[in-house]
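Trainee: I would like a close look at one part of a structure, with enough of the surroundings to place that part. Please start with the whole and then narrow down.

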Amino acid sequence: MDYRKVTVNISPFEEWLSDILTSQLGENGFESFINTETGFEAFLPENLFQEETVKRVLEPFSENFKFEILSEKIEDRNWNEEWEKNYFKPLIVAQECVVRAPFHTDYPEAKYEIVIEPNMAFGTGNHETTSMMLEYILENDVKNKTVLDMGCGTGILGILASMKGAKNITAIDIDEWSFKGTQENTTLNRIENIEVKLGDVSLLGEDTYDFIFANIQRNVLLADLPAYSRCLNTKGKVFLSGFYKDDIPAIKKRAEEFGLKDFGYKIKNNWVAHAFTKIEK
């Protein structure tokens, strides 16, 4: 699948505006974003790209800000090279976990070392939402527990859970890149207890889980929370990310409607990772 990269430069640059615009573009099909010093880069499948969508999102702010929009097609065969040159650098999380690519030769040592083959699945840990979810896994005892990773991306969360002793992990993503990437990365990291599925929340059957990690986006989380609650064992924990600080009230209200109790949250650059636990009836 080919992808479209849209670069938006904002003048004068305001971080709050960049956050608003990426949030709105995320609700219009864009799958991932990379912050820059003057704005951001946004990515979505080439066949879904419509320039008018970007202009419509920017238009309400055009009286007070100027926008430069650059667009380029990224073909499959060029993406790994693109990541290697520009984006994917070795990452250390909480001084315990290092995330690197196979081509990295200079990286810090850590208790857990995850090797990710970069592609358009966007799960290298460099985004705030992924790093916060990795921190939650590091902070929680997942040994001999069952884990569900929804919107698994490259499989990075499930891989770390497995390294920390999780009994078994189910990884689900609607994107074929993610499905294939997670399979490749589990093999690359010699992980044997992750079952990867291509699809959405409709794949959740009768199995239940002690931990659920869902790093997707606000609207999908709101729609899928009833299913997460149903599949979560009593006293189990669900961690949600992929939304902004202003979305916390909506996420919390929806979670509480289905028996989930607020267990605190993390914030990085206005992105949120929110923890909930399933209370006894």
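What radius of gyration does the protein chain have, and what would a compact globule with 281 residues have? After that, please look closely at strand β11: are its residues buried or exposed?

Mentor: This is a predicted model, in which local features need pLDDT of at least 70, side-chain atom pairs count only at pLDDT 80 or more, and totals for chains, interfaces and linings use all residues. Residues are numbered from 1 along each chain as its sequence is written, and side-chain values use heavy atoms, with hydrogens and water left out.

The protein chain has a radius of gyration of 18 Å, which agrees with the value near 19 Å for a compact globule with 281 residues. The radius is taken over C-alpha atoms, and the globule rule is 2.2 Å times the number of residues to the power 0.38. Along the principal axes, the C-alpha atoms fill a box of roughly 55 × 45 × 35 Å. Of the 281 residues, 53% count as buried, where buried means under 20% relative accessible area, exposed means over 50%, and partly exposed lies in between (1.4 Å probe, protein chains only). The secondary structure comes to eight helices and 14 strands; these are DSSP runs numbered from the N terminus, with helices being H or I of at least four residues and strands E of at least two.

Now the strand itself. Strand β11 covers residues 209-215, and seven of the seven are buried, so the rest of the structure largely encloses the strand. Strands of a sheet pair through backbone hydrogen bonds, either parallel or antiparallel. Here, two strands count as paired if DSSP finds at least two bridges between them. Strand β11 pairs in the parallel sense with β8 (residues 146-150) over four bridges. Strand β11 also runs parallel to β12 (residues 232-244), to which six bridges join it. Phe211 is a useful residue to find: Val147 stands opposite Phe211, and Phe211 stands opposite Lys237 in β12. From β11 the chain crosses through helix α7 (residues 218-231) to β12, and this β-α-β crossover is right-handed. Right-handed means that, with the strands pointing away from the viewer, the path from the first strand over the helix to the second runs clockwise.

The last residue of helix α7 in that range, 231, is a cysteine. Cys231 has a relative accessible area of 1% and is buried. A disulfide is a covalent bond between the sulfur atoms of two cysteines. The rule applied here is a pair of cysteine sulfur atoms within 2.5 Å, and by this rule the count is zero. Cys231 is in no disulfide, with the nearest cysteine sulfur, that of Cys152, 16 Å away. The sulfur of Cys97 is 17 Å from its closest cysteine sulfur, also in Cys152, which is too far for a bond. Cys97 counts as buried too, at 0% relative accessibility.

For contrast, look at another part of the chain. Four strands form an open sheet in the order β2-β3-β1-β4, with antiparallel pairing. Strands β2 (32-35) and β4 (66-74) stand at the edges with a single partner strand each, so one side of each has no neighbour in the sheet. Strand β1 (residues 3-11) is joined to β4 by nine bridges, and Ser11 has Lys66 as its bridge partner there.
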